[in-house]
Amino acid sequence: MNESHQVLFRKYRPQFFKDVIYQDLAVNSLSNAFKTKKIGHAYIFIGPRGVGKTTIARILAKRLNCERPDGVEPCNQCTSCIEITKGNSNDVLEIDAASNSGVDNVRELRENVKFNAMGGKYRVYILDEVHMLSGAAFNALLKTLEEPPQHVVFILATTEYHKIPETILSRCQDFTFRKVPVSVLQQYIETIAKKENLNYDTEGLFWIAKKGDGSVRDTLSFMEQAVVFTDGNLTGAKLRKMIGYHGIDTFIDFLNDILDSTKSAQIFEKLEHYFQEGVDLIKFIWDFVEFLNSLLLIQDNLAERESINIPQDDIQKIKTQFRTLDKELLIMLSENIFLIHEKLNQMKLRSSYEVKVYLEIQFRKVILEREKPSVSGLLSKISELTKLIQSDINNIQDNTVSIPTKTAAPTPISTPPSTLEKSNSQAMKSNAPIAPAQDMEMLIKEKFSGMEVDPNQFKNI
């Protein structure tokens, strides 16, 4: 390995505000502060890991001490900028609050802030993971944070906003950093892949960006690993193998086996096959849960959401395959299989064989649950019967029926003949047309012959 090799997330760390991606709130606010010459004395950057908090803190420190600033940007060429970039500036102190969390550490800091900057205009204190400070340390920091010397700027960074006391927050200007969307990360690493002369395709970059989970640093770290694993060929096929993704067809077939009662045995054959191949069955179940959730999002026309862990090419295939799948059934399967995964994590089974046995038992229960009629299915059947009855009623009302004299009398029912039945008998003898109401009664008698039925209860239909 080349000793001068530099990992990607350090090599491509932004050195200017304009190079930071997707953190416009912080970038624009700090840029405006320099334009209006209204620099705060304390800032707090809040957000998940790897999205640019420390990076922007360093750029801010460089701009504050830059000898030849270019508008709101540091020149990145003067002595102060170069020292800060290399991390050996005496005027910029980065303190890891996780390992310096005691009150004595803060007291030492309070003593040091009295000294003027050695080379630049400001002494900048960057406290990373500041939520790790103890309660006493926070209390010791309060006064200094509220009224620091004119030459001091504090920049606090944290991933856990709720752990910061309100007394600290009230003394700082706070900026919230957000996770970077997959599409933005994908475009970003594509520019890096071109600079590094790497082979890639869209799907390969998608999986790298997805693996980063909104973190630029995590994305570049995984990209570094992927370059080594694939020998610089960042293609979808190789990345799927690297992350253990089974492919959309695997999950489509598995779902079809669950839905088709004639293929239930194949579910257990596949579980056995995956077990023999050494597949992580717990991860497989989670991937299947994500697949089912993606189906629900697609049915709700939310296929463009960042949370869908499926390439765009495969989304169209899913739409074609499961366009008419019953949503209630899909929700039931998603919930049951999610509970299976949750129980697996709680049980902490000792071997993959125990996991396989547990899954076989649980999927038998899923099959039994699937075979029960759903509410939507019953409502559909009732709707079909209602339409059929209504169609018969409309036909009767539209067509008056002439009954021949010799037509046999309808099968008697157990209820005594009503006045309407007698008039109906007289109409038959005289070969007169029967009124629609009488036709309706005759239809009911034919349909429910031999049953205890009161015709009067149908007169309002």
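This is a short group-meeting talk on the fold of one predicted protein model.

Hi everyone, thanks for coming. Please keep in mind throughout that we are looking at a predicted model.

Let me begin with the overall picture. The protein has 461 residues, and 42% of them count as buried. Its secondary structure comes to 20 helices and seven strands. If you take the contacts with a sequence separation of 6 or more, 74% of them are between residues 24 or more positions apart.

Now to the sheet. How are the strands ordered in it? Reading across, the order is β2-β3-β4-β1-β5, an open sheet of five strands with parallel pairing. At the edges stand β2, residues 92–96, and β5, and each of these has a single partner strand, so one side of each has no neighbour in the sheet. From one strand to the next, the twist averages 15 degrees.

Let's walk along some of those pairings. Strand β3, residues 123–128, runs parallel to β4 and is joined to it by five bridges. If you want a place to look, R123 has V152 in β4 as its bridge partner. Moving on, β4 covers residues 152–158, and it pairs with β1 in the parallel sense, again over five bridges. Here I44 is matched with L156 of β4. On the other pairing, β1 meets β5, residues 173–176, through four bridges, also in the parallel sense. I46 finds its bridge partner in T176 of β5.

I'd like to stay with β1 for a moment. This strand spans residues 42–46, and is it buried or exposed? Mostly covered is the answer: five of its five residues are buried. As a reminder, side chains in a regular strand alternate between the two faces of the sheet. In β1, A42, I44 and I46 point to one side, Y43 and F45 to the other, and both faces are covered.

There is also a helix to place against this sheet. Helix α5, residues 103–112, lies across β2, β3 and β4. Relative to β3, α5 runs at about 165 degrees.

On to helix packing, where I have two pairs for you. It helps to recall that two packed helices are described by the angle between their axes and the distance between the axes.

The first pair I'll show is α16, residues 327–347, with α17, residues 352–371. Their axes are 11 Å apart and the packing angle is about 155 degrees. Angles over 145 degrees count as roughly antiparallel, and α16 and α17 are therefore roughly antiparallel to each other. Their crossing is right-handed. On the α16 side, the contact includes L329, M332, L333 and I340, while α17 contributes residues including V355, Y358, L359 and F363. By type, the residues of this contact split into twelve nonpolar, two polar and three charged. Among the contact residues you will also find K343 of α16, and E369 and R370 of α17.

The other pair is α12, residues 248–259, with α14, residues 281–299. What is the crossing angle here? Roughly 80 degrees, with the axes coming within 10 Å. Since 65 to 115 degrees is the range for roughly perpendicular, α12 and α14 are therefore roughly perpendicular to each other. I248, T250, F251, I252, F254, L255 and I258 of α12 meet F284, D287, F288, F291, L292 and L295 of α14. That contact divides into eleven nonpolar residues, one polar and one charged.

Last, a few loop residues, starting with backbone angles. Most residues other than glycine have a negative phi. N76 is not a glycine, yet its phi is positive, at about 65 degrees. You'll find N76 in the loop between α3 (53–65) and α4 (79–86). With 21% relative accessibility, N76 counts as partly exposed, the cut-off for buried being under 20%.

D213 is another non-glycine with a positive phi, this time of about 55 degrees. This residue is in the loop between α9 (202–212) and α10 (216–230). D213 has a relative accessible area of 45%, so it is partly exposed.

S215 also belongs to the loop between α9 and α10. Is S215 buried or exposed? Buried, because its relative accessibility is 2%. Leaving aside residues up to four places away in sequence, S215 touches R49, G50, V51 and L185.

That's my tour, and I'm happy to take questions.

Methods:
Residues are numbered from 1 along each chain as its sequence is written. This is a predicted model: local features need pLDDT of at least 70, side-chain atom pairs count only at pLDDT 80 or more; totals for chains, interfaces and linings use all residues. Side-chain values use heavy atoms; hydrogens and water are left out. Buried means under 20% relative accessible area, exposed over 50%, partly exposed in between (1.4 Å probe, protein chains only). Helices (H or I, at least four residues) and strands (E, at least two) are DSSP runs, numbered from the N terminus. Two strands pair if DSSP finds at least two bridges between them. Axes are lines fitted to C-alpha atoms, for helices over the stretch in contact, and angles run from 0 to 180 degrees between N-to-C directions. Angles under 35 degrees count as roughly parallel, over 145 as roughly antiparallel, 65 to 115 as roughly perpendicular and the rest as oblique. A crossing is left-handed if the near helix is turned anticlockwise from the far one by less than a right angle, and right-handed if clockwise. Contact means heavy atoms within 4.5 Å. Ala, Val, Leu, Ile, Met, Phe, Trp, Tyr, Cys and Pro count as nonpolar, Asp, Glu, Lys and Arg as charged, and the others, Gly among them, as polar.
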